[in-house]
Amino acid sequence: MKLFEMNHVQKSFNNGTLHVLKDISITVSEGEVVSIIGPSGSGKSTLLRCATLLETMDSGELIYLDEYVAKNDDNGHSVYADKAVLKKARSEFGLVFQNFNLFPHYSVLKNLTDAQIQVLGRSKDEAGKRGMELLEKMGLADKADAYPCQLSGGQQQRVAIARALAMDPTILFFDEPTSALDPELTGEVLKVIKQLAEEHMTMVIVTHEMAFARAVSDRVIFMDGGVIVEQGKPEEVLGNPKAERTKQFLRNYQQ
């Protein structure tokens with residue numbers, strides 16, 4: 001079953017002079033793990049921001065669970081659906097940022113429970129129970145009363161993943177979840193994501209970790225210059241790429 005779709009997406013900045021996404025189409029099915037790789041400035045993060053409604057597309061379609069969140073008008077410009085559809089779409093996904101984005105003045109547990117209470121209408125007890133379950137899963141049950149500044153970067157990122165999961169999303173987006181971490185802490189976050197993949201959580205991961213992309217992905221997409229250059233199974237794209245640009249990127253990466 002298709003959970004998420006983007007068709008012919010275009011996005012420019014600086015009054016249309018900087019074309020960041022040029023006719024991008026992507027489909028993600030239930031239980032699929034898709035990694036997006038590519039050089040800095042290739043449009044990966046902008047693609048994720050358009051997918052999660054943090055940026056508006058100039059043209060193209062955005063679909064969650066067969067419901068159009070945005071589609072083109074007669075002039076080929078993206079027009080977004082009404083508030084109710086946008087709210088429903090937002091409830092379908094979770095987003096984990098590279099810089100954690102935790103509320104510094106909230107305890108770890110409150111970071112997990114607040115949105116559950118406000119957005120999902122759960123009781124304080126229900127939200128707390130779900131929050132503690134997820135902290136347990138992340139190996140952070142003993143940190144419930146701590147504040148983000150008292151945690152390592154890897155712990156903060158695991159809290160951020162737990163916070164996203166607390167909202168019961170159907171799909172999780174990760175924007176370079178380990179780029180702010182040193183190598184030692186990277187491993188503990190990748191282990192959590194790998195565990196989610198084994199549980200068949202649907203995920204789209206923008207990453208610079210090639211070995212990780214190869215290990216967890218069902219599909220790898222290589223982007224450059226605002227277009228999808230190549231996509232396929234990890235062993236194809238990373239092990240035996242067809243496009244010259246992909247080969248060059250991977251050669252540079254391995255140096």
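The following paragraphs lead through a predicted model, from its nonpolar cores to a set of paired strands, a helix and a loop.

The interior is the starting point. The largest nonpolar core comprises 36 residues, and Ile161, Phe174 and Met203 have the most contacts inside it. Several elements contribute at least two residues each to this core: the helices H3 (108-120), H4 (124-137), H5 (153-166), H6 (183-198) and H7 (210-216), together with the strands S8 (171-175) and S9 (202-206). A second core, separate from this one, has 30 residues, among them Leu3, Val9, Ile26 and Phe93.

Met203 illustrates how the largest core is assembled from distant parts of the sequence. Once neighbours within four places in sequence are set aside, Met203 is in contact with Glu32, Val33 and Val34, with Leu172 and Phe174, and with Ile193, Leu196 and Ala197. Of these partners, Leu172 and Phe174 fall within the range of strand S8, whereas Ile193, Leu196 and Ala197 fall within that of helix H6.

Attention now turns to strand S10, which spans residues 219-224 and is mostly covered, five of its six residues being buried. S10 has strand S3 (residues 33-37) as a parallel partner, joined to it by four bridges. Within this pairing, Ile37 has Phe222 as its bridge partner. S10 is also joined to strand S11 (residues 227-232), here by five bridges and in antiparallel orientation. Phe222 takes part in this pairing as well, standing opposite Glu230 of S11. The connection between S10 and S11 is a hairpin with two residues between the strands, and Gly225 in the turn adopts a positive phi of about 60°.

Helix H4 can be read in terms of its two sides. The helix has 14 residues and reaches 20 Å from its first C-alpha to its last, close to the 20 Å expected at 1.5 Å a residue. Its buried residues are Ala127, Gly128, Gly131, Leu134 and Leu135. Because these residues cover an arc of only 130° around the axis, they lie on the same side of H4. The general geometry of an α-helix is relevant here: with 3.6 residues a turn, residues three or four places apart point the same way. The cover over the buried residues of H4 includes helices H3 and H5. On the other side of H4, Asp125, Lys129 and Glu136 are exposed. After the helix comes Gly139, with a positive phi near 70°.

Helix H3 also contains a polar residue, Gln116. Is Gln116 buried or exposed? Gln116 counts as buried because its relative accessible area is 0%, against a cut-off of under 20%. A polar atom of the Gln116 side chain lies 2.9 Å from the backbone oxygen of Leu112. The side chain of Gln116 also makes a polar contact of 2.8 Å with the side chain of Arg122. Apart from neighbours within four places in sequence, the residues in contact with Gln116 are Gly121, Arg122, Glu126, Ala127, Arg130, Gly131, Ala166 and Met167. Two of these, Ala127 and Gly131, belong to the buried residues of H4.

The loop between H4 and H5 contains Asp145. Asp145 counts as exposed because its relative accessibility is 67%, and the cut-off is over 50%. Asp145 and Lys110 are 35 residues apart in sequence, and their C-alpha atoms are 8.5 Å apart in space. Lys110 falls within the range of helix H3.

Definitions and conventions: Residues numbered from 1 in each chain as written. Predicted model: local features only at pLDDT ≥ 70, side-chain atom pairs only at ≥ 80, totals over all residues. Heavy atoms only, no water. Core = buried A, V, L, I, M, F, W, Y, C linked by side-chain atoms within 4.5 Å. Buried < 20%, exposed > 50% of the residue type's maximum accessible area, 1.4 Å probe, protein only. Contact = heavy atoms within 4.5 Å. Pairing = 2+ DSSP bridges. Polar contact = N/O pair within 3.5 Å; in protein donor to acceptor, adjacent residues only side chain to side chain. Expected span 1.5 Å × (residues − 1). Arc of directions from axis to C-beta.
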